[in-house]
Amino acid sequence: MSTRRAKDPTAFHQNRFASSVEFERGLLANLVAKRCALIESSETRRIVWFIQYMSHQEGGVAAFAKRLIEKYSHMVQTREMAALKLRPGKICSAEQVKKIRSDLQFSGPFRSERFLLRGEIAIADEFLSALSDDADPATKLKAESLKREKVNSHPANYPAQAFFDVCREIALRELEPLLNAVCLDPASDLSAGPWYFPNLFTALLDFLNDYTRSKNPKFATAIGKKISEVLDYTAYSGGLTLMQGEARTGKTFAARAWCDQRPGNARFIEVPPGNDEVGFFRALARGLGLGNFLKYKSCDIRDRVESVLLTRDILLVLDEAQRLWPQRNLRYGFPHRIVWLMTMANAGVPIAMVATPQFIETQKAVERSGWNSRQLIGRIKHYESLPPELSHEDLAGVTRAVLPEASDLAVNALATYARNSARYLAAVDSIASRARYLAMKDGRDVAAPVDVQRAIKESVIPADSKLQSALAAVQPLKRARLSPVAQLHEGKPFQRQNEFSAPRERSTTPAAETPIVGV
């Protein structure tokens, strides 16, 4: 603001640093959306959105540009260098130097003083050849001697590495602003790379594909595969889909992993609790890369969010979608978030909702206020009821992915424990975290099998037992029992446990028998 001035510049004011350039991170999605609206190629738009996504990661566009240069250093060269098939370690002849030198497009004395060959003179030294005829003989003799000395001081050839170094030097300085312009400037042309990086588009596409492969989960459960299939369909159909499943079965992990694999096409956002619209749209703004908008009205934030989504380039994945419904006063609350979502669905925005069974339960409660659910049901292109639990093989696979250092015996025990624990998959993560913590305390970087055993015996079993005791005290009618791992540890036959007093009993009802209301 123009009125934001410190009355006393000598006094310390924390807010005076709030507008520092160093705090700015990321390209604004609404401005990138304007740029993408003018790009016909879907592949180019995907790359632009990928750059926008990377701009919000640690280090921003500068770090991304540096990674790009390091990874594709062999492509940071001029077109003439590529045509000559230069490689570091080769020596360029005088003829090759002249061809490459004409391809270098930096200006000023920086260019004229570089890569001069024997017999050539720099522009800055041309005064030596332009001495007036009336100059005294001594001055002329000295000038001619200096000229011969400078001309003969230049090499007859140059190593190819020298040209790669100058291209890299320019790339480190100019690639970041170029990538910013690609995402914002309508006049920029990504297909025509800069003179020092002519195959930039190919490098970006290859980097994106490698980034996608690096985000592949080490193990995919049956639920994870089902979620990926539904999200693939959502992206294809451009509609509204709903997936509903039990808590702690890996829904969030699978949906987030799918989005991480597609940074140019999808954004993962957790729906915040509460009934307010401004908190909801702020969460969307942060997830899309629009900022926090702490002092904006909800309508202003919504307009910017819609300007991004209406490009239909980004698939919006909403986790904890049951929070889209009013969280209190269900019989009298109006589902503003759901109504806005339907408006976006009408506009062809691809949206996937990932929810617990509370979604349908809350929908039924809201219907008692007279709100008609048929409008929502008619817009849902696909409804998927996820399996209520994971198989032992899936749990064992997750355990091996999280704890590769665990023995087969420990993996099977942990899979059995997780399958019957109230914490389910979170129990495996707790054991892995505890095992690595114990290894760190002993000065080791990687947890050993003994650390896994200690984590189970010294931390997980006692903590689980204390949790069960605390819950049993609140619910005295339910009998507390030992955890599955404790039963196995003591050699007792395994017993399935009741909810809360021990790990949760999961439903065995087939997923297909849980229909959405009204279908």
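Trainee: Why is aspartate 451 called buried?
Mentor: Its relative accessible area is 0%. Buried means under 20%, exposed over 50% and partly exposed in between, with a 1.4 Å probe and protein chains only. Aspartate 451 falls under the first cut-off, so the word applies.

Trainee: And what kind of model is this?
Mentor: The model is predicted: local features need pLDDT of at least 70, side-chain atom pairs count only at pLDDT 80 or more, and totals for chains, interfaces and linings use all residues. Residues are numbered from 1 along each chain as its sequence is written, and side-chain values use heavy atoms, with hydrogens and water left out.

Trainee: What makes arginine 444 and aspartate 451 a salt bridge?
Mentor: The term asks for a side-chain nitrogen of Lys or Arg within 4 Å of a carboxyl oxygen of Asp or Glu. Here N and O are 2.7 Å apart. That satisfies the cut-off, so the pair counts. The pair also belongs to a network: salt bridges with shared partners join Asp442, Arg444, Asp451 and Arg454.

Trainee: Why is arginine 444 called partly exposed?
Mentor: Its relative accessible area is 30%. That lies in between the two limits, so arginine 444 is partly exposed.

Trainee: How many salt bridges does the structure hold?
Mentor: The count is 13. One of them joins aspartate 313 to arginine 45, with the closest N and O atoms 3.1 Å apart. Aspartate 313 sits in the loop between H13 and E5 and arginine 45 in helix H2, so the bridge ties together parts 268 residues apart in sequence. Aspartate 313 and arginine 45 are buried.

Trainee: What do glutamate 70 and arginine 168 tie together?
Mentor: Their side chains meet in a salt bridge at 2.7 Å, N to O. Glutamate 70 is in helix H3 (residues 60–71) and arginine 168 in helix H8 (residues 160–184), so the linked parts are 98 residues apart in sequence. Glutamate 70 has a relative accessible area of 41% and is partly exposed. Arginine 168, at 29%, is partly exposed.

Trainee: What is counted as a helix or a strand here?
Mentor: Helices (H or I, at least four residues) and strands (E, at least two) are DSSP runs, numbered from the N terminus. The protein comes to 21 helices and seven strands.

Trainee: How do you know what span to expect of H13?
Mentor: The expected span is 1.5 Å times one less than the number of residues. H13 (residues 298–309) has 12 residues and reaches 16 Å from its first C-alpha to its last, close to the 16 Å expected.

Trainee: Which residues of H13 are buried, and why do we speak of one side?
Mentor: They are Ile301, Val305, Glu306, Val308 and Leu309. These residues cover an arc of only 155° around the axis, which puts them on the same side of H13. The arc is that of the directions from the helix axis to the C-beta atoms. The buried residues pack against H1, H2 (42–55), H12 (277–288), strand E5 (315–319) and H14 (336–346).

Trainee: What does asparagine 30 touch?
Mentor: Contact means heavy atoms within 4.5 Å. Leaving aside neighbours within four places in sequence, asparagine 30 is in contact with Leu290, Arg304, Ser307 and Val308. Asparagine 30 lies in helix H1. Its relative accessibility is 15%, so it counts as buried.

Trainee: And leucine 316?
Mentor: Leucine 316 is in strand E5. Its relative accessible area is 0%, so it is buried. Beyond neighbours within four places, its contacts include Leu284, Leu288, Leu309 and Ile351.

Trainee: What makes Leu28, Leu31 and Leu184 a nonpolar patch?
Mentor: Patch residues have over 30% relative accessible area and no salt bridge; like charges are joined within 9 Å, nonpolar side chains (Val, Leu, Ile, Met, Phe, Trp, Tyr) within 5 Å. Leucine 31 shows the area test: its value is 38%, so it passes. The patch covers about 220 Å². Leucine 31 lies in helix H1 (residues 29–36).

Trainee: How much area does the whole protein expose?
Mentor: About 27500 Å², with carbon and sulfur atoms supplying 51%. Accessible areas come from the Shrake-Rupley method with a 1.4 Å probe; for residues, only the protein chains shown count as cover. Of the 519 residues, 43% count as buried.
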